[in-house]
Amino acid sequence: MKYKSTRGDVTGQTFEEALFTGYAADGGLILPETIPKIDAKELKSWAKLSYVELAKKIVPLFVGEDEIPTSDLSDIIDKAFSRFSVPEVSPIKRLPDGLNVMELFHGPTWSFKDMALSCVGQFIPYFLSKRRKHFNIIVGTSGDTGSSAIEAVRGQKWIDIVVLLPKGRCSQIQELQMTTVIEDNVHVYRVDGSSDDLDAPIKLCFRDNAFTKRHNLSSINSINWARIMVQTVHYIYAYLQMCPSCDKVVQVVVPTGALGNITSGILAREMGVQLEFVCAVTQNDVVARTIQTGNYAIADHVIETLAPAMDIQIPYNMERIWYVLTGGDCKLIKKLMTEFEETGNVMVPKEITEALQKVVVDTFVATDDVIRRTMKRTWEAHEYLVCPHTATGVAYHYQQLQKNPEEKKARIIIATASVIKFEEALQSAAIPFTRDPRVSKLFESKQRYKDMNKEDNWLEMLQEKIEDIDRNRAKE
């Protein structure tokens, strides 16, 4: 298996090279040169596998034996999921009226980001310990990625991680999950701006190819291929749990931000799994607008909502989705992305929009009021709590029930995070709750962070920090 950039100027990468590539040197994102296929007979034979057993079938399709031998890969996957709080890893809550919720929040930071980053956090030291090489990881987060990335690599010998979070735009608990980590290899900045704002200096940093190579820069945002790869597992697992006979389409409703999660689902579909998708978004509706109209355009500003991890106006994985749906037309992708990066607006060709609408069959925009009502309804009807992000997907299900009460569609909603991280949303929805002891411990912990203020040069501060890390490493 080899990897290439969506823009075509980087090709022939190994899995190891893809793992350590943030944005490619040409500005694109990494994907496999060919997408592996799963035939129906093989897929059906996996129906009774556990989540971990299934991961051991899927991940080797993307990682050659020559790079990670089977026994080593098995050990990596076992270790990655050993810290999940339930043996099923991703249990499905089956509630009345066809409401099926796949809980992807039982990892160490209570977010679906742990599903992939637990593995990425094992892949990276596997290679670095052999190479005896230090890497600097830069992560921009809208809420959950930062803490999950930190948890995956904290205290590791060969890695330093620099995390930029949007000050005051995460939940307080999300922020504390990052600022209370005091290991020497963890460096947290609170940025006075949105998650889109803080992505700008990160992308500029990676665009400086000489700086990137000199300081061994990488990222484990959803720009990182290994995250997209591992996330295909939970889509295939969801399909097999919902349809073990493998003879019908399963609809997956995905609370959507930067499109990394749904990119994995679309890849699973390309591999041969009968899936269709619904993107549920907040009032930051760029994804819904693009899918429905073909106009990929940044709005004037990011609206702060009860679902902060979805408050994004530049869903950068759209580039990967276009690449897949065009059969790998690098020239077209480069043209579209160049226009978007220069103007903040591009009209997508009709054939791409139509192809996307066949895969993402519907979109749903949830206001804060819809989120509140949905959280409240789910609690009162089922004594089941959903986080504000998951509520956007559940709200779509309720809407469909209202339109067609007799509907029998096989549908599952992705639960992206535990509600314990979002006390503000619970209060806003007037749902009584008792603070989880793990959360109480966060509020009692010492914090360490620095601020990037509006008047600061964020790129300069980021590069100075990386240089400082490497100077200190050289003294060791």
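What volume does the largest cavity have? About 340 Å³. Before I go on, keep in mind that this is a predicted model.

So, the cavities. Searching the whole structure turns up 5 of them at 30 Å³ or more. The largest cavity has 28 lining residues, and lying nearest its centre are Lys 113, Ser 142, Ala 258, Ala 309 and Ile 312. If you want to find its walls, look at helix H6 (144-153), helix H8 (195-207), strand S9 (250-255) and helix H11 (260-270), since each of these gives the lining at least two residues. The lining is a mix: 11 nonpolar, 13 polar and 4 charged residues.

The second largest cavity has a volume of about 60 Å³. Ser 142 turns up in its lining too, along with residues including Pro 166, Arg 169, Glu 304 and Asp 311. By class, that lining splits into 3 nonpolar, 3 polar and 3 charged.

Now the packing. In soluble globular proteins, nonpolar side chains tend to be buried together. Here, the largest nonpolar core has 115 residues, and Phe 15, Trp 225 and Phe 277 are among those with the most contacts inside it. Helix H10 (residues 225-242) gives this core its largest share, 13 residues. There's also a second, separate core of 33 residues, with Leu 306 and Phe 422 among them.

Zoom in on Phe 277: beyond its sequence neighbours within four places, its contacts include Tyr 235, Ile 262, Arg 269 and Val 360.

One last stop, Thr 179, in helix H7 (residues 172-179). Is Thr 179 buried or exposed? It's buried, because its relative accessible area is 0%, under the 20% cut-off. Further off in sequence than four places, Thr 179 touches residues including Leu 165, Val 188 and Tyr 449.

How values were computed. Residues are numbered from 1 along each chain as its sequence is written. This is a predicted model: local features need pLDDT of at least 70, side-chain atom pairs count only at pLDDT 80 or more; totals for chains, interfaces and linings use all residues. Side-chain values use heavy atoms; hydrogens and water are left out. Helices (H or I, at least four residues) and strands (E, at least two) are DSSP runs, numbered from the N terminus. Buried means under 20% relative accessible area, exposed over 50%, partly exposed in between (1.4 Å probe, protein chains only). Contact means heavy atoms within 4.5 Å. A nonpolar core is a set of buried Ala, Val, Leu, Ile, Met, Phe, Trp, Tyr and Cys residues joined through side-chain atoms within 4.5 Å. On a 1 Å grid over the protein atoms alone, a cavity is a set of points where a 1.4 Å probe fits but cannot get out, and a pocket is an open set with protein on both sides within 12 Å along at least five of seven lines; lining residues have an atom within 4 Å of a point. Grid points are joined across faces, edges and corners, and a volume is the space filled by probe spheres set on the points. Ala, Val, Leu, Ile, Met, Phe, Trp, Tyr, Cys and Pro count as nonpolar, Asp, Glu, Lys and Arg as charged, and the others, Gly among them, as polar.
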